[in-house]
Structures are given as C-alpha cells and as structure tokens.
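Visitor: Could you walk me through this structure? I am new to this, so plain sentences would help.
Guide: Gladly; have a look first, and then ask away.

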Amino acid sequence: MPAPERRGIGNNMSGKHRVRFGIVGCGAIGPTHAGALKQLTDAELLAVADVIPARAREMAGKFGVSRVYKSDVELIADPDIDAVIFATPSGMHADQAIRAMRAGKHAVVEKPMDISLDACRRLIEAEQQTGKRLAIISQHRFDHATRVVRDVVLSGKLGRLIIADMSVKWWRTQQYYDSGDWRGTWAMDGGGALMNQGVHTVDLLTWLAGPVKRVNAVMRTAAGHERIEVEDAIVATLEFENGAIGTLTATTAAYPGMLARLDLYGTEGAAVIEGDRIKLLKTKDGQIDVAEKASVHALSVAMGGTASVKDETAKRLADAAAADPGAVWGDAHREQLRDFIDAIRQNRPPLIHGEEGLRPVQVILAIYESARRGQWVEV
C-alpha cells in the first residue's frame, strides 16, 4: 500500500500536539490499546496493522481508523506516525520495535519485552542508540492498589521485608491455546503460564519487594493441554537480594481460575494485593483499611497522622483507595500510555523503560533454567 499523503500534526484542546499512534496486532489486546488511546486527548490513533487483513479492518472500523496495513513494515513506513504499539506474539517484539525506533518512531511493546535476554538487550541498545522512547507494558504498576502499596513500602511502614509471595492460579482452555499457532510454543510464546500470564505479577513482585538474587523451581505440563510445548504449572522458591525469601506459583491449569495475588510481610506490617485490589494493608501502628467504604480518617491514623490527614503520603493513599473500586479494564493501560506520552514530551524515560522491562524476563528465564537443571540458579 503506498504511503498516504502527509498531513499536518493535529492539536488537542490545550493546543499541544497530539502523539499519533499506530497499532500492530489487532487480536486479543490490540483493541484494549485502541480504546485507551481514544480516551486520551493528547493521542490520536492513526493506523492499524495485522497479518490477518480482516482482523485489521474490523478493528479499524470499530475505532474509526482509516489507515489499515498488512504488516508492521508498512505501518512503520507511514511518515505521519510518531509512535507504534506492538501487540504481537512475544517472540516478535524486539525485532519489530527495533525496526520502528530505527525508522524514527517511539515504541510501546506488550509484555513480555521479548523471550530471550539477547533480544531484550538488543532492544535496549536500540533505545539508547536512537534516543527514541520505549515503554514495556506492565499496566498493573498503574493500578491504584499497586500505587498505595508502593507508597507504604517506600515509607518504610512495613519494616524489613521477610516474606514475599506471588500466586497466579488461572485457567486456560484448549481453545485458548488453539487460538494462535504461536501460543504454547517456546519459539514465540517463550514459555507458558509464567512467561505469558505470570509476567505481570513478577514485575510487581520485583518492583515492590526488590531484586531477586536466586531461584529454585519445578515445572510441569499437567492439565492435558494438547499441542503445547511449554509449562502450564510452575512453582519456585525465591531468595531476594535484601534477604527476604518467598514463593512463586503460576499455572493455567487451576480450574476454574483464581485471582492473581501478591503478599508482602515485613517486620512492621503486611500488604496483600488480590485481583488488582488491596485485600489487606496493616501496620503495627494501626490498621490501613482500603475497602470500598474506607474513610480518610482510618487511612490517616494508620499512617501515623490524624483525621485531618496531615502528611501527603496518607492523603495520596486515601485518594488512591477511594478511586480504586471504580477501576475498570483498560484504565491502567490508559495511564501507562499517558505516562509514555508525557515521557516523549518531557524527553525522559517512561516509568517502564527497557531496563525495567528486562528485570521480570531475567527472573523468569532463571526460573526456567532452574526447573530444567533441578538446582538453584542465580538471576
């Protein structure tokens, strides 16, 4: 398809230039990104691409997009596009994003960053060489629950971390694995329940609990899923650099499926996130109640303040907790894309840049290596 005639940059209501996006990959997660962009006044969705033309046309029609391409190469060649979102099979992420950045585009890559350390490092190198902004999708860092717990951890209210556990006990049908010939393969999926489903929680675990030092793991393909090479159940013991220990469980064989959960236990308190909501947040100096009917008073007292919420940390916690019950799917994607747009304008790295996106992949690959070797492996 020939490149369309170049047009001027559009402005939003504030007079700022909109960042013009293209999306490559119109399958499961592509529409979520399109919907998030449509909510941002500083963004414009200009084009979509997919190797299945009918799927690209369907998404274009749904979101009012006029430019439809058959490949990432065609979309990247569009001179009007400023940034490209890659919602494609995991093993394609680095090559596609590198191509985009070398063509002068900023890039957003779905999780995981890629499936090998070499590919991830090549992508980081391209980020550094081109000066273009790169964001790796890990939208749960933008959940209100995560922000609340992050503030508490940074405040030191949990004390020294003792235990950090994560659990992703989900269920995937055979139809899920049959929906794409890349699913369940080492070559393109890079792994199973951990690399594909558990990567989000691994990212949160390392962001909240700190870097993992070494791991010891066992994995299985246990649920009778057909034609998959990768694990559908994996369990690991973790040792963190700060001395804490913990466990990791990830599976797509836990019928009917449970909420993802992250537990942090310190010398002065505990925090539990379950299903993107706070299940428990308690410190020895008071209860932090962030249920839907929580009061600002309870949060303030828990943080060592008063009913007037004297310290700014307590106020941020109260604001975040109050907003959490209304959160819906796609909100966190929108907030991560907002951060990405701000990073472009402010000439700064986004919150989850290349080095940040690499960390959960390093942990996951070490866990796979440990499971294969049957021994502890350094991360």
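**A helix under cover**

Guide: This is a predicted model, and a good place to start is helix H4, residues 93–102, which is mostly covered, since 7 of its 10 residues are buried.

Visitor: Which residues of H4 are the buried ones?
Guide: They are His93, Ala94, Gln96, Ala97, Ile98, Ala100 and Met101.

Visitor: And what covers them?
Guide: The cover of these buried residues includes four strands and two helices by name: strands S1 (19–24), S4 (83–86), S5 (106–109) and S6 (134–136), together with helices H3 (72–76) and H5 (117–130).

Visitor: What follows H4?
Guide: Gly104 follows H4, and the phi of Gly104 is positive, near 95°.

Visitor: Changing topic, how many aromatic pairs are there?
Guide: A search of the whole structure finds 4 aromatic pairs. One of them is formed by Trp171 and Tyr255, which are arranged edge-to-face, with 5.4 Å from centre to centre and 85° between the planes.

Visitor: Why does that pair tie together parts far along the sequence?
Guide: Trp171 sits in the loop between strand S7 (161–169) and helix H7 (174–178), while Tyr255 sits in the loop between strands S10 (245–251) and S11 (261–266), so the pair links parts that are 84 residues apart in sequence.

Visitor: Is Tyr255 buried or exposed?
Guide: Tyr255 counts as exposed, because its relative accessibility is 64% and the cut-off for exposed is over 50%. Its partner Trp171 is partly exposed, with a relative accessible area of 30%.

Visitor: What about Trp186 and Tyr368?
Guide: Their ring centres are 5.2 Å apart and their planes stand at 85°, so this pair is edge-to-face. Trp186 belongs to the loop between H7 and helix H8 (193–209), and Tyr368 belongs to helix H12 (residues 354–373), so the pair ties together parts that are 182 residues apart in sequence. Tyr368 counts as buried at 1% relative accessibility, whereas Trp186 is partly exposed at 26%.

Visitor: Which residue lies over the face of Trp186?
Guide: Arg372 does, at 4.7 Å from the ring centre. Elsewhere, Arg172 lies over the face of Tyr176, at 5.2 Å from the ring centre.

Visitor: You mentioned H8 and H12; how do they cross?
Guide: Their axes come within 9 Å and cross at roughly 120°, and the crossing is right-handed. Among the residues of H8 that meet H12 are Leu194, Val199 and Trp207, and on the H12 side the residues include Pro360, Ile367 and Tyr368.

Visitor: Which residues touch the most others in the largest nonpolar core?
Guide: This core has 43 residues, and the members that touch the most others are Leu194, Leu205, Leu238, Phe240, Leu248, Leu264 and Ile367. The largest share of the core, 10 residues, comes from H8. In soluble globular proteins, nonpolar side chains tend to be buried together.

Visitor: What is Leu264 in contact with?
Guide: Leaving aside neighbours within four places in sequence, Leu264 is in contact with residues including Val149, Leu161, Ile163, Leu208 and Ala270. Apart from this core lies another core, of 30 residues, among them Cys120, Leu134, Ala332 and Leu358.

Visitor: Last one: where is Asp285?
Guide: Asp285 lies in the loop between strand S13 (277–283) and strand S14 (286–287), and it is partly exposed, with a relative accessible area of 39%. The C-alpha atoms of Asp285 and Lys157 are separated by 8.7 Å, although these residues are 128 residues apart along the chain.

Conventions. Residues are numbered from 1 along each chain as its sequence is written. This is a predicted model: local features need pLDDT of at least 70, side-chain atom pairs count only at pLDDT 80 or more; totals for chains, interfaces and linings use all residues. Side-chain values use heavy atoms; hydrogens and water are left out. Rings of Phe, Tyr and Trp (its six-membered ring) pair if their centres lie within 6.5 Å; planes under 30 degrees apart count as stacked, over 60 as edge-to-face and the rest as tilted. Buried means under 20% relative accessible area, exposed over 50%, partly exposed in between (1.4 Å probe, protein chains only). A charge sits over a ring if NZ of Lys or CZ of Arg is within 6 Å of the ring centre and within 35 degrees of the ring normal. A nonpolar core is a set of buried Ala, Val, Leu, Ile, Met, Phe, Trp, Tyr and Cys residues joined through side-chain atoms within 4.5 Å. Contact means heavy atoms within 4.5 Å. Axes are lines fitted to C-alpha atoms, for helices over the stretch in contact, and angles run from 0 to 180 degrees between N-to-C directions. A crossing is left-handed if the near helix is turned anticlockwise from the far one by less than a right angle, and right-handed if clockwise.
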